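User: I am new to this structure and would like to know the reasoning behind the labels used for it. Please set each value against its cut-off.

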Amino acid sequence: MYVIVDIAGQQFKVEKDQKVYVHRLENAEGESIEFKDVLLVDNDGKVKVGTPKVKGAKVTAKVLEHIKGDKVIVFKKKRRKGYQKFNGHRQYLTKIQIEEIVG
């Protein structure tokens, strides 16, 4: 069984006991979260598609940790102009584990 759920503005295909990295959530580590924005439920070939959400479906997850992602380097240069710009970015992420799917 898997579902497609909207978490913090992004869609994820998740299954039970799967660990997922999502954009930073406000919840504390060890806390449980409930996501009700379920867009699709597939239960062994029986597919329910929401319009836009599946009624009565929800996903329960547990916050494992808050981390920072890998560094992304941004380097801009215009040749023969003496222009160089160097910048880096690390995204704040939350690691969650899917505990229960009701659908």
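The exchange below goes through the labels one by one.

User: What kind of model is this, and what is the pattern of the chain?

Analyst: The model is predicted. The chain holds 0 helices and 8 strands, and along the sequence its pattern reads β-β-β-β-β-β-β-β.

User: How do you know whether the chain is a compact globule or more spread out?

Analyst: The globule rule gives 13 Å for 103 residues, whereas the radius of gyration of the chain is 19 Å, so the chain is more spread out than a compact globule. The C-alpha trace spans about 60 × 30 × 20 Å along its principal axes.

User: What makes a residue buried, and what percentage of the chain counts as such?

Analyst: A residue is buried if its relative accessible area is under 20%. Of the 103 residues, 27% count as buried.

User: Why is Val-22 called buried?

Analyst: The relative accessible area of Val-22 is 1%, and the cut-off for buried is under 20%; therefore Val-22 counts as buried. Val-22 belongs to strand S3, which covers residues 19-23. Between Val-22 and Thr-94 there are 5.4 Å in space, C-alpha to C-alpha, although the two are 72 residues apart in sequence.

User: Why is Lys-71 called exposed?

Analyst: Exposed means over 50% relative accessible area, and Lys-71 has 58%, so the label applies. Lys-71 is part of strand S7. From Lys-71 to Tyr-92 the C-alpha distance is 11 Å, with their positions 21 residues apart in sequence.

User: What makes Ile-73, Phe-75 and Phe-86 a nonpolar patch?

Analyst: Nonpolar side chains are joined into a patch within 5 Å, if each residue has over 30% relative accessible area and no salt bridge. Ile-73, Phe-75 and Phe-86 form such a patch on the surface, and together they have about 370 Å² of accessible area. Ile-73 has a relative accessibility of 55%, so it counts as exposed. Its place is in strand S7, residues 58-78.

User: How do you know that Lys-16 and Asp-17 form a salt bridge?

Analyst: The cut-off is 4 Å between a side-chain nitrogen of Lys or Arg and a carboxyl oxygen of Asp or Glu. The closest N and O atoms of Lys-16 and Asp-17 are 3.7 Å apart, which is within that limit. Asp-17 is partly exposed, because its 49% relative accessible area lies between the cut-offs of 20% and 50%. The structure holds 4 salt bridges.

User: Why can such side chains pair at all?

Analyst: Side chains of opposite charge can pair when their charged atoms come close.

User: What makes Glu-34, Lys-36 and Lys-58 a network?

Analyst: Salt bridges link the three residues. Glu-34 meets Lys-36 at 3.7 Å, N to O, and Glu-34 meets Lys-58 at 3.5 Å, N to O. Glu-34 lies in strand S4 (residues 32-35) and Lys-58 in strand S7, so this pair ties together parts that are 24 residues apart in sequence.

User: Which of the labels buried, partly exposed and exposed do these three residues get?

Analyst: Glu-34, at 40%, is partly exposed. Lys-58, at 28%, is partly exposed. Lys-36 has 54%, and the cut-off for exposed is over 50%, so Lys-36 is exposed.

User: How do you know that a charge sits over the ring of Tyr-2?

Analyst: The distance to the ring centre has to be within 6 Å, and the charge within 35 degrees of the ring normal. Lys-13 lies over the face of Tyr-2, at 4.4 Å from the ring centre. Lys-78 lies over the face of Tyr-83, at 5.7 Å from the ring centre.

User: What is notable in the backbone at Asp-44 and Arg-80?

Analyst: Phi of Asp-44 is near 55°, a positive value in a residue other than glycine. Asp-44 is in the loop between strand S5 (38-43) and S6. For Arg-80, phi is near 65°, which is also positive, and this residue is in the loop between S7 and strand S8 (83-102). Asp-44 is exposed at 70%, and Arg-80 is exposed at 70%.

User: Why is the peptide bond from Thr-51 to Pro-52 called cis?

Analyst: Omega of this bond is near 0°, and the bond is cis. Pro-52 is in the loop between strand S6 (46-49) and S7.

Terms used:
Residues numbered from 1 in each chain as written. Predicted model: local features only at pLDDT ≥ 70, side-chain atom pairs only at ≥ 80, totals over all residues. Heavy atoms only, no water. Patch = residues over 30% accessible without salt bridge, like charges linked within 9 Å, V, L, I, M, F, W, Y side chains within 5 Å. Areas by Shrake-Rupley, 256 points an atom, 1.4 Å probe, with all protein chains shown as cover. Helix = DSSP H or I, 4+ residues; strand = E, 2+ residues; numbered from the N terminus. Buried < 20%, exposed > 50% of the residue type's maximum accessible area, 1.4 Å probe, protein only. Rg over C-alpha atoms; globule rule 2.2 N^0.38 Å.
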